[in-house]
Amino acid sequence: MTQALPEPDVDDEDLVVLTVPADGAYLSVLRTATAGLAARLHFTLDEIEDLRIAVDEACAMLLATAPADAELTCRFEVAEQTLTVAVSVPSNGQRLPGTETFAWMVLAALAGSVRSDVSGGRATIWLTKKRDGSR
(Lines give C-alpha, C1' and ligand atoms only; values in the text may rest on other atoms or scores of the structure.)
Protein backbone atom coordinates (compact mmCIF):
# COMPACT_ATOMS: atom_id res chain seq x y z
CA MET A 1 0.00 0.00 0.00
CA THR A 2 1.41 3.37 -1.02
CA GLN A 3 1.28 6.16 1.50
CA ALA A 4 1.13 9.77 0.33
CA LEU A 5 3.91 12.05 1.52
CA PRO A 6 2.81 15.13 3.45
CA GLU A 7 2.80 18.39 1.52
CA PRO A 8 5.72 20.63 2.46
CA ASP A 9 4.86 23.63 4.60
CA VAL A 10 5.18 26.87 2.61
CA ASP A 11 7.11 28.51 5.47
CA ASP A 12 9.69 25.70 5.63
CA GLU A 13 13.08 26.38 4.13
CA ASP A 14 14.70 24.07 1.63
CA LEU A 15 18.37 23.36 2.15
CA VAL A 16 20.88 22.37 -0.53
CA VAL A 17 24.52 21.71 0.35
CA LEU A 18 27.22 21.23 -2.29
CA THR A 19 30.84 20.44 -1.52
CA VAL A 20 33.46 20.75 -4.25
CA PRO A 21 37.26 20.86 -4.33
CA ALA A 22 38.52 24.37 -3.48
CA ASP A 23 39.59 24.97 -7.04
CA GLY A 24 38.34 27.61 -9.48
CA ALA A 25 37.56 24.91 -12.04
CA TYR A 26 34.53 23.86 -9.95
CA LEU A 27 32.96 27.29 -9.51
CA SER A 28 30.76 26.80 -12.58
CA VAL A 29 28.89 24.08 -10.65
CA LEU A 30 28.09 26.55 -7.87
CA ARG A 31 27.11 29.31 -10.31
CA THR A 32 24.73 26.92 -12.07
CA ALA A 33 23.18 25.77 -8.79
CA THR A 34 22.76 29.41 -7.74
CA ALA A 35 20.99 30.27 -10.98
CA GLY A 36 18.69 27.25 -10.77
CA LEU A 37 17.63 27.94 -7.20
CA ALA A 38 17.14 31.65 -7.83
CA ALA A 39 15.00 30.86 -10.88
CA ARG A 40 12.91 28.55 -8.71
CA LEU A 41 12.13 31.59 -6.54
CA HIS A 42 11.18 33.59 -9.65
CA PHE A 43 14.03 36.08 -9.38
CA THR A 44 14.42 38.28 -12.45
CA LEU A 45 17.15 37.47 -14.96
CA ASP A 46 19.15 40.46 -13.66
CA GLU A 47 18.80 39.29 -10.05
CA ILE A 48 19.88 35.78 -11.04
CA GLU A 49 22.95 37.10 -12.83
CA ASP A 50 23.81 39.34 -9.86
CA LEU A 51 23.66 36.33 -7.54
CA ARG A 52 25.78 34.20 -9.86
CA ILE A 53 28.45 36.89 -9.93
CA ALA A 54 28.24 37.41 -6.15
CA VAL A 55 28.67 33.69 -5.44
CA ASP A 56 31.59 33.56 -7.85
CA GLU A 57 33.24 36.57 -6.18
CA ALA A 58 32.69 35.22 -2.65
CA CYS A 59 34.19 31.89 -3.68
CA ALA A 60 37.19 33.63 -5.24
CA MET A 61 37.79 35.49 -1.98
CA LEU A 62 37.69 32.25 -0.04
CA LEU A 63 39.81 30.28 -2.50
CA ALA A 64 42.58 32.82 -1.96
CA THR A 65 42.64 31.89 1.73
CA ALA A 66 42.01 28.13 1.47
CA PRO A 67 44.76 25.65 2.28
CA ALA A 68 45.91 23.23 -0.42
CA ASP A 69 43.60 20.24 -1.04
CA ALA A 70 40.71 21.91 0.82
CA GLU A 71 37.03 21.59 -0.01
CA LEU A 72 34.65 24.49 -0.55
CA THR A 73 31.16 24.06 0.88
CA CYS A 74 28.22 26.02 -0.47
CA ARG A 75 25.00 25.92 1.54
CA PHE A 76 21.84 27.28 -0.09
CA GLU A 77 18.84 28.08 2.12
CA VAL A 78 15.75 28.61 0.01
CA ALA A 79 12.87 30.45 1.68
CA GLU A 80 9.67 31.82 0.16
CA GLN A 81 11.23 35.06 -1.17
CA THR A 82 14.85 34.80 -0.03
CA LEU A 83 17.92 32.87 -1.07
CA THR A 84 20.79 32.72 1.42
CA VAL A 85 24.10 31.30 0.25
CA ALA A 86 26.83 30.45 2.77
CA VAL A 87 30.18 29.65 1.20
CA SER A 88 32.97 28.31 3.42
CA VAL A 89 36.45 26.80 3.39
CA PRO A 90 38.76 25.57 6.13
CA SER A 91 40.60 28.54 7.58
CA ASN A 92 44.35 28.60 7.78
CA GLY A 93 44.34 31.76 9.88
CA GLN A 94 44.21 34.27 7.02
CA ARG A 95 41.75 37.13 7.25
CA LEU A 96 39.02 37.82 4.73
CA PRO A 97 38.88 41.15 2.89
CA GLY A 98 37.49 43.95 5.05
CA THR A 99 33.98 45.27 4.66
CA GLU A 100 35.34 48.61 3.42
CA THR A 101 37.13 47.09 0.41
CA PHE A 102 35.92 47.49 -3.16
CA ALA A 103 35.38 43.72 -3.48
CA TRP A 104 33.11 43.76 -0.43
CA MET A 105 31.11 46.72 -1.75
CA VAL A 106 30.60 44.85 -5.03
CA LEU A 107 29.33 41.82 -3.11
CA ALA A 108 26.90 43.95 -1.11
CA ALA A 109 25.60 45.66 -4.26
CA LEU A 110 25.05 42.33 -6.01
CA ALA A 111 23.68 40.22 -3.17
CA GLY A 112 21.89 42.70 -0.94
CA SER A 113 23.12 41.49 2.43
CA VAL A 114 26.63 40.16 3.04
CA ARG A 115 28.46 39.09 6.18
CA SER A 116 31.49 36.99 7.01
CA ASP A 117 33.02 35.10 9.88
CA VAL A 118 36.22 33.22 10.59
CA SER A 119 35.62 30.83 13.47
CA GLY A 120 35.59 27.16 14.30
CA GLY A 121 38.38 26.54 11.81
CA ARG A 122 36.29 27.82 8.85
CA ALA A 123 36.03 31.05 6.91
CA THR A 124 32.47 31.72 5.75
CA ILE A 125 30.77 34.38 3.64
CA TRP A 126 26.96 34.64 3.70
CA LEU A 127 25.03 36.26 0.85
CA THR A 128 21.31 36.94 1.24
CA LYS A 129 19.18 38.10 -1.67
CA LYS A 130 15.49 38.92 -1.30
CA ARG A 131 13.18 38.77 -4.28
CA ASP A 132 11.77 42.11 -5.35
CA GLY A 133 8.30 42.24 -3.75
CA SER A 134 6.95 44.80 -6.20
CA ARG A 135 5.91 42.21 -8.80
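1. The sheet first. In this predicted model, five strands make an open sheet, running β1-β2-β3-β5-β4 with antiparallel pairing. At the edges sit β1 (14-21) and β4 (113-119), each with a pairing partner on one side only. From one strand to the next, the twist averages 15 degrees.

2. Next, a pair inside that sheet. β2 (residues 71-78) and β3 (residues 82-90) are joined by six bridges, in the antiparallel sense. If you want a residue to click on, try C74: its bridge partner in β3 is V87.

3. Helix α1 (residues 27-40) packs on the sheet, where β1, β2 and β3 are the strands it touches. Compare its direction with that of β2 and you get an angle of about 5 degrees.

4. Now α3 (residues 102-111). Which of its residues are buried? They are W104, L107, L110 and A111. Viewed down the axis of α3, these buried residues stay within an arc of 130 degrees, so they line one face of the helix. The spacing fits the usual rule: an α-helix has 3.6 residues a turn, so residues three or four places apart point the same way. Over on the other side of α3, you'll find F102, M105 and A109 exposed.

5. What do the buried residues of α3 pack against? Their neighbours are α2 (45-63), β4 and β5 (122-130). Of these, β4 is one of the edge strands of the sheet.

6. One backbone detail to look at: G112, just after α3, has a positive phi of about 100 degrees.

Note on methods
Residues are numbered from 1 along each chain as its sequence is written. This is a predicted model: local features need pLDDT of at least 70, side-chain atom pairs count only at pLDDT 80 or more; totals for chains, interfaces and linings use all residues. Side-chain values use heavy atoms; hydrogens and water are left out. Two strands pair if DSSP finds at least two bridges between them. Helices (H or I, at least four residues) and strands (E, at least two) are DSSP runs, numbered from the N terminus. Axes are lines fitted to C-alpha atoms, for helices over the stretch in contact, and angles run from 0 to 180 degrees between N-to-C directions. Contact means heavy atoms within 4.5 Å. Buried means under 20% relative accessible area, exposed over 50%, partly exposed in between (1.4 Å probe, protein chains only). The arc is that of the directions from the helix axis to the C-beta atoms.
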